[in-house]
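Let's take a walk through this structure together, from single residues up to whole cores and domains. Keep the 3D view open as you read.

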Amino acid sequence: MNGLLNINNNSAVKKNNTSIGILLLKARTFIALIVLIIVFSILSPNFLTAQSLILVAKHVALYAIMGIGMTAVIISGGIDLSVGSVVGLSGMIAGGLIYQGLVLNTFGVTIYFNVLVIMFIAAMLGVLVGAVNGILVSKFKVAAFIATLGTMYIARGFALIRSGGETFPNLVGKPELGNTGFPLLGAGSVLGIPISIWIMIVIGAVTAYIFKKTPLGWHIFAVGGNEKAALLSGIRVNRVKMFVYMFSGFCSAIVGLIVSSQLVAAHPATGESWEMNAIAAAVLGGTSMSGGVGTIGGTLIGAFVIGVLNDGMIMLGVSEFWQMVIKGIVIIVAVIVDQFQRDLENKLALQTRNNSH
Amino acid sequence: MMNQEGGRRDLQSTDQICLAARGVTKIYPGTVALDKVDFNVYRGKVNVLIGENGAGKSTLMKIIAGIEQPTEGKIFLNGEEIHLHNTRDAAAKGIGIIHQELNLFPNLNVYQNIFMAREATKYGIVLDNKKHKEKARELLEKLEHPISPEAMVSELRVGQQQIVEIAKTMAQQDLHVLIMDEPTSSLSAAEVEVLFRIIGELKEQGISIVYISHRLEEIMRIGDYVTILRDGRLIAEEEIKNIDIPWIVKNMVGHSKTKTIKKQTEVKGKELLRVESLTLPRKGGGYTLDKVSFSLREGEILGVYGLLGAGRTELIETLMGMHPEATGDIYLEGKKIKPRFIWEQIQRGFAHIPEDRQREGLVQTLSIAKNLTLSSLSNYTKGFHLVQNKEDESITKIIQDLSIKVADRKLPILSLSGGNQQKVVIGKGILTSPKILLLDEPTRGIDVGAKAEVFDIIGKFALQGLGIIVVSSELKEVISISDRVIVLSNGKLTGEFRGDEITEQALVGASAAGHNYCYAQHT
């Protein structure tokens with residue numbers, strides 16, 4: 001009996017150590033972010049100025065908004081490869097409506113919309129692409145990877161078709177047409193913080209609220225954690241899937257608007273391979289690719305890591321090729337550490353189970 | 001305790017021991033799973049290993065099968081010390097294991113599963129599938145389950161998959177020791193008979209069986225030696241012929257605990273559910289359910305018994321709306337309903353406790369609390385906002401009501417024992433405030449104590465007026481818990497029994513109707 005007690009005492013000490021370890025592991029992306037910022041500010045004195053930080057934050061906002069939509073999809077057990085193309089398509093639709101208006105040949109008229117209406121149309125287009133993804137994945141049971149790979153090409157194709165591959169330049173609008181004000185989205189700021197960052201904060205907060213405080217949120221986690229059990233629990237799995245893809249489409253359409261507004265031009269190739277940044281942000285933030293696990297806070301930090309890494313390396317003059325290599329390594333290491341943490345947590349859970357006997 | 005120690009020493013002195021564990025200790029960080037355990041596997045005998053969940057039998061079994069390595073202690077095979085670093089080592093020494101949780105590739109067919117990693121080849125390169133098929137057919141025929149070797153495992157029922165699992169182990173060359181972890185938990189009575197006969201044959205071939213089970217009657221029938229573990233320590237080892245069930249229970253739980261047996265009374269509540277000629281066509285011809293009619297009253301526990309593939313699970317699934325193609329009339333409280341969607345059936349007052357806890361009942365990535373409220377989240381909302389207090393209240397109440405042993409409700413579901421996990425699944429159903437509770441094998445793979453608790457829970461909710469349907473392949477379980485029993489065979493309802501009519505003979509007889517070959521085995 002004495003021996004047993006001793007072992008238990010030892011294990012209590014050990015347990016404390018492991019919980020500190022887990023805490024460090026959980027905060028690892030955050031720690032990595034701090035380390036990155038410190039390293040870059042030492043190596044490049046310009047890095048820590050307000051100007052460049054805001055620039056970094058503006059880039060981060062783009063990855064983060066797409067990453068939030070992607071996080072919802074991945075938590076539900078899916079993947080959305082079409083987000084980059086939706087960025088391009090939404091920019092082209094908005095750009096086209098400002099630059100050319102809606103040309104109705106049969107009536108010989110061209111309609112110019114208010115910029116807010118244009119943004120709404122573009123955002124709804126993103127939702128539509130998401131709805132197509134959702135229907136393919138839920139009703140037709142197409143693997144998410146394939147379904148969204150298909151819509152990725154389709155959306156990119158339409159973005160190119162819209163202008164024949166050309167750029168819509170100078171999207172300032174004309175006062176006499178009543179469609180001015182588009183550049184404000186990318187250039188404007190409130191309380192000294194760029195609007196794109198505010199959008200990131202709002203979308204992030206709303207999503208975090210949905211995740212934690214609404215049945216829909218928990219249903220997303222349940223579907224990703226065990227789809228069969230979710231179905232048998234009475235969760236309308238198809239609706240949940242529809243929602244996450246539509247939401248992801250919405251997020252990327254917003255990003256498309258922000259980018260074309262920042263550039264005051266819409267280019268059909270915008271957003272190519274950005275889906276990888278969105279996935280990387282989610283994964284760096286601890287979202288499990290097998291579904292059921294993830295947080296918005298994590299994804300935001302993940303987006304910051306990617307953004308800081310990108311911009312920091314550019315400032316240091318690291319070659320673009322090496323940037324790719326380093327980004328790839330960072331993502332792989334993140335996933336390995338994530339797996340390690342999960343194993344450790346499972347072990348702890350099993351221990352409490354054994355201890356309770 | 002001292003007497004038993006003495007008895008154990010005597011037993012050890014025989015040279016009939018095929019495999020022996022001596023002083024095996026396994027320490028996981030924070031817990032002692034095994035504490036200096038001696039274990040003997042007698043040659044050509046059925047060596048039963050028994051203990052409540054968490055007693056350490058799984059750990060001991062894993063050490064013998066090479067899955068885990070002991071912290072201390074030695075393993076001897078035929079008197080020689082062996083070191084098992086992995087399952088491959090164990091297999092090479094002739095130690096095979098059949099896990100309770102099936103380890104099959106659902107995406108591959110039967111013969112591929114049986115010969116996985118010991119494929120026969122032509123010229124050392126090309127797979128010899130002809131040989132695979134032949135041998136697989138031979139093995140399955142020996143097991144009296146002529147499943148097509150080319151059938152996909154995913155299309156087989158759980159019980160058939162278990163047969164494949166057994167065939168897989170039997171295909172192993174030079175098998176000395178075969179560990180079976182609850183092999184009968186998903187088998188029907190007739191299949192258990194087949195399994196017992198196979199065990200008999202294996203014994204004659206000199207193969208030693210390590211047999212883990214919670215079913216005490218079964219152990220008394222099949223076992224030769226019994227080893228009891230409790231809290232990671234060896235409590236007793238005895239020859240089965242010298243002992244009885246109360247002795248096992250006493251040693252297992254530390255004090256005598258008897259199963260509560262519900263007195264069967266005629267239930268007089270009003271009719272809740274009436275099913276008339278429910279028919280479900282089977283893929284590729286025939287019927288899974290063939291004009292099944294029955295009714296269920298408030299406060300009644302209706303047992304559904306039948307062999308594997310009789311349509312038990314499908315009956316429940318149809319009621320839950322998983323087979324909208326089914327025909328027939330279903331009346332809920334006199335009103336005709338058509339089950340189409342699971343969520344709709346839950347809203348109508350059905351709750352379903354599925355057969356496979358891990359795959360169908362729980363979301364492993366969610367906490368205990370969230371697993372409990374998963375089906376009833378919309379009850380705790382204001383608009384679309386989830387009100388934490390309301391949710392917490394319900395969770396607290398259900399944890400108390402079902403006496404779920406929970407250290408912290410925010411912990412992952414994995415931190416609970418099997419019995420408590422099952423209670424969580426039941427709690428999830430109860431929180432939807434159902435009128436009808438459908439339980440599919442509710443005590444599968446949980447220990448005696450937890451079983452009794454699950455029975456108590458079922459009885460309690462019947463008293464509160466719920467109509468309860470319990471599907472079980474365990475005869476004694478159906479008999480002890482049900483007010484009335486219906487028996488299915490080949491999709492047809494072949495018997496309905498109440499009160500004193502519910503006997504083992506009656507149920508087995510009805511379940512074999514239309515299964516001539518099975519019936520022949522029973523008579």
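A residue is called buried here if 20 or more other C-beta atoms lie within 10 Å of its own. Please bear in mind that what you are looking at is a predicted model.

**A buried strand residue**

A good place to try out that cut-off is B:Leu34, in strand β2 (residues 31-42) of chain B. B:Leu34 has 29 C-beta neighbours inside 10 Å, and therefore counts as buried. Which residues does B:Leu34 touch, not counting residues up to four places away in sequence? They are B:Val24, B:Thr25, B:Lys26, B:Gly56, B:Thr59, B:Leu60 and B:Gly232. For a sense of scale, pick out B:Ala190 as well: B:Leu34 and B:Ala190 are 156 residues apart in sequence, and their C-alpha atoms are 36 Å apart in space.

**Helix α2 of chain B**

Two of the contacts of B:Leu34, B:Thr59 and B:Leu60, are among the buried residues of α2(B). This helix covers residues 57-64, and eight of its eight residues are buried, so the rest of the structure largely encloses it. The buried set includes B:Lys57 and B:Lys62 along with B:Leu60, B:Met61, B:Ile63 and B:Ile64. Just after α2(B) comes B:Gly66, with a positive phi of about 80 degrees.

**Helix α5 of chain B**

Now turn to α5(B), residues 129-142. At 1.5 Å a residue, its 14 residues should span 20 Å, and the end C-alpha atoms are indeed 20 Å apart, so expectation and model agree. Buried residues in α5(B) are B:His132, B:Ala136, B:Leu139 and B:Leu140. Why can they be said to line one face of the helix? Seen down the axis of α5(B), the buried residues fall within an arc of 95 degrees, so they line one face. The general background helps here: an α-helix has 3.6 residues a turn, so residues three or four places apart point the same way. On the other side of α5(B), B:Lys130 and B:Glu141 are exposed. The buried residues pack against α4 (110-114) and α6 (158-170) of chain B.

**Positive phi values**

Most residues other than glycine have a negative phi, which makes a few places in chain B worth a look. One sits just after α5(B), where B:Glu144 takes a positive value. Two others lie in loops: B:Ser403 between α14 (388-401) and α15 (418-430), and B:Asn490 between β23 (484-489) and β24 (492-498). B:Ser403 is exposed, because 12 other C-beta atoms lie within 10 Å. B:Asn490, with 19 C-beta neighbours inside 10 Å, counts as partly exposed.

| Residue | Phi |
|---|---|
| B:Gly66 | about 80 degrees |
| B:Glu144 | about 60 degrees |
| B:Ser403 | near 40 degrees |
| B:Asn490 | about 50 degrees |

**Chain B as a whole**

How many helices and strands does chain B have? The count is 19 helices and 24 strands. Of its 523 residues, 50% are buried. Among the contacts in chain B between residues at least 6 apart in sequence, 69% join residues at least 24 apart.

**Two domains in chain B**

The domain assignment of chain B gives domain 1 (270-349 + 435-523) and domain 2 (356-433). Their centres, taken over C-alpha atoms, are separated by 25 Å. Where they meet, ten residues of domain 1 are in contact with nine residues of domain 2. On the domain 1 side, helix α16 (residues 448-463) of chain B gives the most, with four residues. The residues of that side divide into seven nonpolar, one polar and two charged.

**The nonpolar cores**

In soluble globular proteins, nonpolar side chains tend to be buried together. The largest nonpolar core here has 173 residues, and the members touching the most others are A:Ala64, A:Ile65, A:Met66, B:Leu438, B:Ile458, B:Ile468 and B:Ile469. Helix α11 (residues 237-263) of chain A gives the most to this core, with 15 residues. The core also draws at least three residues from each of domain 1 and domain 2 of chain B. To see the surroundings of one member, centre on A:Met66: its contacts, leaving aside residues up to four places away in sequence, are A:Val83, A:Cys251, A:Ser252, A:Val255, A:Trp274 and A:Ala278. A second, separate core of 69 residues includes B:Ala33, B:Ile50, B:Leu139 and B:Ile207. B:Leu139 should look familiar, as one of the buried residues of α5(B).

Conventions
Residues numbered from 1 in each chain as written. Chains lettered and ligands numbered in written order. Predicted model: local features only at pLDDT ≥ 70, side-chain atom pairs only at ≥ 80, totals over all residues. Expected span 1.5 Å × (residues − 1). Arc of directions from axis to C-beta. Contact = placed C-beta atoms within 7 Å. Core = buried A, V, L, I, M, F, W, Y, C linked by C-beta atoms within 7 Å. Domains from an automatic or database assignment. Nonpolar A, V, L, I, M, F, W, Y, C, P; charged D, E, K, R; others polar.
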